[in-house]
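Colleague: Before we go through this model together, I would like to learn how to read burial, contacts, confidence and empty space in turn. Could you take one feature at a time, giving the idea and then the case?

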Amino acid sequence: MSYPLALIASNGYACLALHRACTEVNKEFGLGGDYQLRPIDIGREQRKMAVSATAGYVTANTLTPYAFHFFGAEVAGQIGLTMSIFAAIATVAMARTTAEAPTYGPLIASGKLAELKKRFRSTLAFSVALAVALVVLALAARQMGLALLPKYDNRVLGVAGFVVIGLLIVANVALSVTSTVLRAFKIEQLMWPSLLAAMLVLVAQLALRLDPVKCLAVLAAFNGLVFYPFARRRLTAKISI
């Protein structure tokens with residue numbers, strides 16, 4: 001039930017925020033807004049985006065089948081259920097960014113980079129803080145729930161697994177907010193780190209045969225310490241004024 005409820009809550013918030021954002025865009029820019037034309041090879045950028053999306057699919061969707069094949073059905077079930085819980089957290093934490101995304105393009109087109117920078121910083125702080133709070137709440141709920149119903153202890157990962165996936169979700173939320181703003185410039189600059197993340201996951205699984213939690217730890221470390229700083233530097237170069 002957690003994931004459907006999270007979808008309803010996040011999409012409800014996104015709908016309200018998007019309505020307000022669109023009203024602001026229409027009021028601020030209208031049909032006669034001062035836009036700047038910038039020639040971009042859309043086809044080339046779309047191909048790079050497709051590569052990034054494919055790499056993202058690999059990093060997000062290979063772990064449960066890997067766990068099932070090499071570690072058995074019980075571990076795979078624990079991975080799948082635990083990641084579903086944290087996917088719901090990520091959906092809620094990203095709702096504000098999803099709602100604000102349509103406003104980034106007009107701000108860029110009109111050259112209002114100071115406003116874009118302000119909006120990005122506010123949204124990043126809000127989304128990361130919300131993700132941290134929800135991760136802590138999920139960990140507390142796990143401990144309290146299993147204290148009352150210990151027979152379900154084998155249905156989800158242990159505390160270490162919750163902590164690792166929680167760190168991964170926080171890193172991913174920070175990365176997603178940053179990449180959403182960066183991609184509003186219509187230029188894909190994150191293809192190579194996306195590919196590297198996918199390659200690290202595949203090496204951890206197929207070559208090193210790490211257990212699933214360690215695979216997630218590798219991805220969390222890469223996304224938090226390498227991928228996010230890389231995306232942040234690229235965005236800073238774009239919006240520096």
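Colleague: Is E188 buried or exposed?

Modeller: The model is a predicted one, and burial in it is judged by a cut-off, with under 20% relative accessible area counting as buried. E188 has a relative accessible area of 3%, and therefore it is classed as buried. The residue sits in the loop between α7 and α8.

Colleague: Which residues does E188 touch, once residues up to four places away in sequence are not counted?

Modeller: E188 touches E45, K48, M49, S52 and R183 on that basis. With R183 there is also a polar contact, in which the side chains of E188 and R183 are joined at 2.7 Å.

Colleague: K48 appears among those partners of E188; how should its own burial be read, and where is K48 found?

Modeller: K48 is found in helix α2. Its relative accessible area is 19%, which is under the 20% cut-off, so K48 counts as buried. Leaving aside neighbours within four places in sequence, K48 is in contact with E188 and M191.

Colleague: What would a case in between look like, and why is A129 called partly exposed?

Modeller: Partly exposed covers the range between the buried limit of 20% and the exposed limit of 50%. A129 is partly exposed because its relative accessible area is 46%. This residue lies in helix α6, which spans residues 113–148.

Colleague: How far apart are A129 and A174 in sequence and in space?

Modeller: A129 and A174 are separated by 45 residues in sequence, and their C-alpha atoms lie 9.9 Å apart. A second pair can be read in the same manner: A197 and N223 are 26 residues apart in sequence, with 7.7 Å from C-alpha to C-alpha. A197 belongs to helix α8, and it is buried because its relative accessible area is 4%. Setting aside neighbours within four places in sequence, A197 is in contact with T59, L219, F222 and N223.

Colleague: Turning from single residues to the whole chain, how many helices and strands does the protein have, and what share of its residues count as buried?

Modeller: The protein has 9 helices and 0 strands, so that reading along the sequence gives the pattern α-α-α-α-α-α-α-α-α. Of its 241 residues, 39% count as buried. When contacts with a separation of 6 or more are considered, residues 24 or more positions apart account for 82% of them.

Colleague: Where is confidence lowest, and where is it highest?

Modeller: The general caution comes before the numbers. Where pLDDT is low, the predicted coordinates should not be read in detail. In this protein the mean pLDDT is 86, and 82% of the residues reach 70 or more. Confidence is lowest in helix α1, residues 2–28, at a mean of 55, and highest in α7, at 96. Over residues 29–37 the pLDDT is below 50, although this stretch does have 15 contacts in the model beyond near neighbours in sequence.

Colleague: How does one look for empty space, and what is the volume of the largest pocket?

Modeller: Rolling a probe the size of a water molecule over the atoms shows where empty space is left. The largest pocket has a volume of about 860 Å³. It is lined by 31 residues, of which G56, T59, A60, N172 and S176 are the closest to its centre. The elements that give two or more residues to this lining are α2 (42–61), α4 (73–93), α7 (159–183), α8 (191–207) and α9 (212–239), and the largest share, 10 residues, comes from α7. By residue class, the lining of this pocket divides into 19 nonpolar, 11 polar and 1 charged.

Colleague: How many cavities of 30 Å³ or more are found in the whole structure, and which residues line the largest cavity?

Modeller: The search finds 2 cavities of 30 Å³ or more, and the largest cavity has a volume of about 40 Å³. The residues lining the largest cavity are T59, L63, V201, Q205, C215, L216 and L219. Helices α8 and α9 are the elements that give two or more residues to this lining, with α9 providing the largest share, 3 residues. The lining of the largest cavity has 5 nonpolar residues, 2 polar and no charged.

Note on methods:
Residues are numbered from 1 along each chain as its sequence is written. This is a predicted model: local features need pLDDT of at least 70, side-chain atom pairs count only at pLDDT 80 or more; totals for chains, interfaces and linings use all residues. Side-chain values use heavy atoms; hydrogens and water are left out. On a 1 Å grid over the protein atoms alone, a cavity is a set of points where a 1.4 Å probe fits but cannot get out, and a pocket is an open set with protein on both sides within 12 Å along at least five of seven lines; lining residues have an atom within 4 Å of a point. Grid points are joined across faces, edges and corners, and a volume is the space filled by probe spheres set on the points. Helices (H or I, at least four residues) and strands (E, at least two) are DSSP runs, numbered from the N terminus. Ala, Val, Leu, Ile, Met, Phe, Trp, Tyr, Cys and Pro count as nonpolar, Asp, Glu, Lys and Arg as charged, and the others, Gly among them, as polar. pLDDT is the predictor's confidence in each residue, from 0 to 100. Contact means heavy atoms within 4.5 Å. Buried means under 20% relative accessible area, exposed over 50%, partly exposed in between (1.4 Å probe, protein chains only). A polar contact is a pair of N or O atoms within 3.5 Å; within protein, one must be able to donate a hydrogen and the other to accept it, and residues adjacent in sequence count only if both atoms are side-chain atoms.
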